[in-house]
Amino acid sequence: MTSVTGTADPLVRAQLLREQSARADRRATAGRVTRQVVVFGLFMVAIAAVYISYKAFGAAFDHEQHTWRIIGSYLPRSDDLNMPPIPDIFGALTDPLPGESGSMAGTLFGEALFTLRETVAGFVVGVVLGLTLAIALARSSFLERGLTPYIVASQTIPLIAIAPLVVIWGRKNIDFFPWEWKDWMSVSIIATYLTFFPVAINGLRGLKSPRPENLELMESYAAGWTPTLWRLRFPASLPYLFAAFKLAATASVIGAIVGEISAGVGGGLGRRILSEALRYSTGPGRLYASVAFAALLGIGVFLVITAVEQLVLRSQGRKAIT
Amino acid sequence: MSAVEIRNVSKIFNRGRANEVHAIDDVDLAIESGEFVTLIGPSGCGKSTLLRLVASLLSPSEGAITVAGKSAEQARLDQDYGMAFQRAGLFEWRTVAKNIELPLELMGWNRADRRRRSAEMLELVKLPEFGDHHPAELSGGMQQRIAIARSLAFNPSLLLMDEPFGALDEMTREHMQTELLRIWEETATTVVFVTHSIPEAVILSNRVVVMSPRPGKISEIIPIDLGERSDDTREDPEFFKGVTRVREALRAVEGL
């Protein structure tokens, strides 16, 4: 291989440096993914180890009068009802649910898809709404000063309080769409309530991120607000937007699950978690398995957004922020 | 016809308020077509403000500016000038060629014409192989050359430059000055150039406009005649004479 420092011609040197850095980038990506998978595996093992140790420690001193009976006296109890053994959790996944056929994992998978539909709809609507707001606020400082406090205040209302209201409105009042309004759409609206916020706030920051000389350059071209938005402000905001999308996607999962639970909408993971909590004593492993599926759904949507971010930003020769 | 005519122009920021600043006071200047004019002066003398008034990025509080025989505003709308700043200010998400094509896109050129033009401009600034690179892969001097290519892409008759080499190291800076002179001669563009550097002003200009601060005024206009410039010009006695004259004018301005 030619040594970069040994080459005099700056053109050749830059080309070599560029190829080297592209190769290093690809190696670094492959290395990073492998490392992350390994770290994730080790992390799961560590959590399992803590879980098992806690149970073992609790069991060792589980006598009413034992001096060392901390777990059970001061800390949560570690018996099989409160903390089902890990094999029981995996066992719950392979067993069918009471009164149903097929494994619980299959049922959970279907319910995860149901919640995913609410999540995706809530995310998409939230992104559209958040971007629209961000553009409006970037366009008009009057709107920015006037609306921003209310946008921030909107997030202080507990989601769990408005969720049942949204479902009731949906059932009674939403009839101006050409399609039939379903309960899951109300849950998506609840998710939207969480997703539009980071997109609006980060999007506004991104749209206002171009340097003054870049704005002056566009002005010197007599480019109006709209061409400046498309050619400068919007591309400049992409790293900010992707950071917001990652927050919004995970918030959308939370919104969908909380929405299902607090509004009593059936068919998804939220409702499953609620039912398994209600009959917890007959199968504690089932609740743990349901919660694990919800966590996986959250991690999954986060990873999808991260992958898209990498693809888009790398094609533009830039790096992600955060 | 003058390329730029500045008549009795004053600029007052925040007029009538507590933070009122009298940036430019009663400036008169005519720049001939094809001329290279440098604005030099201490910080706060209004040289960048004057450049932005010509660019119609600011509007004068009093007086009038004509560019290519029309109002500065109309000249901006008609794209009669190109502009380069201290920071190259390339769009990091666009390739080098796409950066040069930005003004052409805004003017509605078709893709084939844009490609051809950006290739020509890359030849002009001697970076023909870098069209598909992203700006982050280029050195500061290369980025500034691309910014100059961008400002000249649509063949403006006037080039406005605001300390474009201010952030470069001395060697790169001298190299860029030589390149700019070559481009100026090849394209016959009128150049208005703002700088802090005395040797830079002298080597580049036909006339050096020395400005004084608070409020910004023209205190002296020094003609420079170095004939055909080459790398040896920097060691020419005439060059040093020019440097001395500009330095003395600047000292007078600062009251030293």
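**Exercise 1. Determine which strand is joined to strand β4 (residues 62-67) of chain B by two bridges, and place the pair in its sheet.**

Solution. Strand β4 (residues 62-67) of chain B is joined by two bridges to β5(B), and the two run antiparallel. Strands here are DSSP E runs of at least two residues, helices are H or I runs of at least four, and both are numbered from the N terminus. Two strands count as paired if DSSP finds at least two bridges between them. Within this pair, B:Thr66 stands opposite B:Ser71 of β5(B).

The next step is the sheet. The order is β2-β1-β4-β5 (chain B), an open sheet of four strands with antiparallel pairing. Strands β2 (21-32) and β5 (70-71) of chain B each have a single partner strand and stand at the edges, so one side of each is left without a neighbour in the sheet.

The model is predicted: local features need pLDDT of at least 70 and side-chain atom pairs count only at pLDDT 80 or more, while totals for chains, interfaces and linings use all residues. Residues are numbered from 1 along each chain as its sequence is written, and chains are lettered from A and ligands numbered from 1 in the order in which they are written.

**Exercise 2. Describe the hairpin of β9(B) and β10(B).**

Solution. Begin with the pairing: strand β9 (residues 207-212) and strand β10 (residues 217-223) of chain B are antiparallel over six bridges. B:Val209 of this pair stands opposite B:Ile221 in β10(B). Then consider the connection, in which four residues lie between the strands and B:Arg214 takes a positive phi near 45°.

**Exercise 3. Characterise the fold of chain B as a whole and its largest nonpolar core.**

Solution. First, chain B contains eight helices and ten strands. Its radius of gyration, taken over C-alpha atoms, is 18 Å, close to the 18 Å that the globule rule (2.2 Å times the number of residues to the power 0.38) gives for 256 residues, so chain B is as compact as a globular protein of that length. The C-alpha trace spans about 50 × 45 × 35 Å along its principal axes.

Second, 45% of the 256 residues in chain B are buried, that is, 20 or more other C-beta atoms, placed from the backbone, lie within 10 Å of their own.

Third, turn to the core, a set of buried Ala, Val, Leu, Ile, Met, Phe, Trp, Tyr and Cys residues joined through C-beta atoms within 7 Å. The largest has 80 residues, and among the members that touch the most others are B:Val54, B:Ile146 and B:Val246. Helix α5 (residues 140-152) of chain B gives the most to this core, with six residues. Leaving aside residues up to four places away in sequence, B:Val246 touches B:Ile40, B:Ile198, B:Ala201, B:Val202, B:Val208, B:Val210 and B:Ile222.

**Exercise 4. How many residues of chain B are in contact with chain A, and what is their composition?**

Solution. A contact requires C-beta atoms, placed from the backbone, within 7 Å. By this criterion, 20 residues of chain B are in contact with 20 residues of chain A. On the side of chain B that touches chain A, α2 (72-77) and α3 (96-106) of chain B are the elements that give two or more residues. Of these, α3(B) gives the most, with three residues. The residues on this side divide into eleven nonpolar, four polar and five charged. Here Ala, Val, Leu, Ile, Met, Phe, Trp, Tyr, Cys and Pro count as nonpolar, Asp, Glu, Lys and Arg as charged, and the others, Gly among them, as polar.

For the complex, the predictor gives an ipTM of 0.88 and a pTM of 0.84.

Conventions. Buried ≥ 20, exposed ≤ 12 C-beta atoms within 10 Å, placed from the backbone. Contact = placed C-beta atoms within 7 Å.
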